[in-house]
Amino acid sequence: EQSSAVFSVQHMTCGACVATITQNISAERGVLEVDVSLATEECHVVFVPEMITPAQIKEIIDDSGFEAELIN
Ligand code: 9UX
């Protein structure tokens, strides 16, 4: 079983920001896919809901130095 979540992400300004967020989320157990877009300022994540929650994913983005909001 899998779920997906979309976050808006503020303060990304270069490709290294995208790489940092992608790596930090991808490192978590239960994360299946991560797609971070600088152009749309969004982060799409596919995950196993028994293993990780959208709130935890938001914290990872915030702790990486950005500001995420769950939008979908
Ligand atoms: Mo680029 Mo992002 O120099 O935090 S890594 S702005």
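## Glu-41 and the β2-β3 turn

Let's begin at a turn: Glu-41 is partly exposed, with 14 other C-beta atoms within 10 Å. The model you are looking at is a predicted one. Glu-41 sits in the loop between β2 and β3, and its phi is near 55 degrees, a positive value in a residue other than glycine. That is worth a look on screen, since most residues other than glycine have a negative phi.

The loop belongs to a hairpin: β2 and β3 are its two arms, with 4 residues between them. The arms run antiparallel and are joined by 6 bridges. One of the facing pairs is Val-36 with Cys-43, its bridge partner in β3.

## The sheet as a whole

How are the strands ordered in the sheet? Reading across, the order is β2-β3-β1-β4, in an open sheet of 4 strands with antiparallel pairing. At the edges stand β2 (31-37) and β4 (67-70); each has a single partner strand, so one side of each is left without a neighbour in the sheet. On average, neighbouring strands here are turned by 25 degrees against each other, direction ignored.

Strand β1 covers residues 3-10 and pairs with β3, residues 42-47, in the antiparallel sense over 6 bridges. Two positions let you follow that pairing by eye: Val-6 has His-44 as its bridge partner in β3, and Ser-4 stands opposite Val-46 in β3. Strand β1 also pairs with β4, again in the antiparallel sense, over 4 bridges. There, the bridge partner of Val-9 is Ala-68 in β4.

## Ser-4 and Ala-5, side by side in β1

Ser-4 is found in strand β1, and so is Ala-5. Which of the terms buried, partly exposed or exposed fits Ser-4? With 14 C-beta neighbours inside 10 Å, Ser-4 counts as partly exposed. Ala-5 has 20 C-beta neighbours inside 10 Å and therefore counts as buried. In a regular strand the side chains alternate between the two faces of the sheet.

The contacts of these two residues, leaving aside neighbours within four places in sequence, fill in the picture. Ser-4 is in contact with His-44, Val-45 and Val-46. Ser-4 and Val-45 are 41 residues apart in sequence but 5.5 Å apart in space, C-alpha to C-alpha. For Ala-5, the contacts are Val-45, Pro-54, Ile-57 and Leu-70.

## Two helices on the sheet

Helix α1 lies across β1, β2 and β3, running at about 165 degrees to β2. Helix α2 (residues 54-63) packs on the sheet too, touching β1, β3 and β4, and its direction makes about 160 degrees with that of β4.

Thr-22 is a handy marker in helix α1, which spans residues 15-26. Thr-22 is partly exposed, with 16 other C-beta atoms within 10 Å. Beyond its neighbours within four places in sequence, Thr-22 is in contact with Val-34 and Val-36. Thr-22 and Val-45 are 9.6 Å apart in space, C-alpha to C-alpha, with their positions 23 residues apart in sequence numbering. The C-alpha atoms of Ala-5 and Thr-22 are 14 Å apart, for a sequence separation of 17 residues.

## The nonpolar core

Which residues touch the most other members of the largest nonpolar core? Of its 17 residues, they are Val-9, Ile-21, Cys-43, Val-45, Ile-57 and Ile-61. The elements that give two or more residues to this core are β1, α1, β2, β3 and α2. In soluble globular proteins, nonpolar side chains tend to be buried together.

Ile-21 shows how these pieces meet. Leaving aside its neighbours within four places in sequence, Ile-21 is in contact with Val-9, Val-36, Cys-43, Ile-61, Ser-64 and Phe-66.

## The ligand shell and His-11

What surrounds the ligand? Its shell is made up of Thr-13, Cys-14, Ala-16, Cys-17 and Gly-65. By class, that gives 3 nonpolar, 2 polar and no charged residues.

One last stop is His-11, in the loop between β1 and α1. With 10 C-beta neighbours inside 10 Å, His-11 counts as exposed. The phi of His-11 is near 80 degrees, a positive value in a residue other than glycine.

How values were computed
Residues numbered from 1 in each chain as written. Predicted model: local features only at pLDDT ≥ 70, side-chain atom pairs only at ≥ 80, totals over all residues. Buried ≥ 20, exposed ≤ 12 C-beta atoms within 10 Å, placed from the backbone. Contact = placed C-beta atoms within 7 Å. Pairing = 2+ DSSP bridges. Axes fitted to C-alpha atoms, helices over the stretch in contact; angles between N-to-C directions. Near = placed C-beta within 6 Å. Nonpolar A, V, L, I, M, F, W, Y, C, P; charged D, E, K, R; others polar. Core = buried A, V, L, I, M, F, W, Y, C linked by C-beta atoms within 7 Å.
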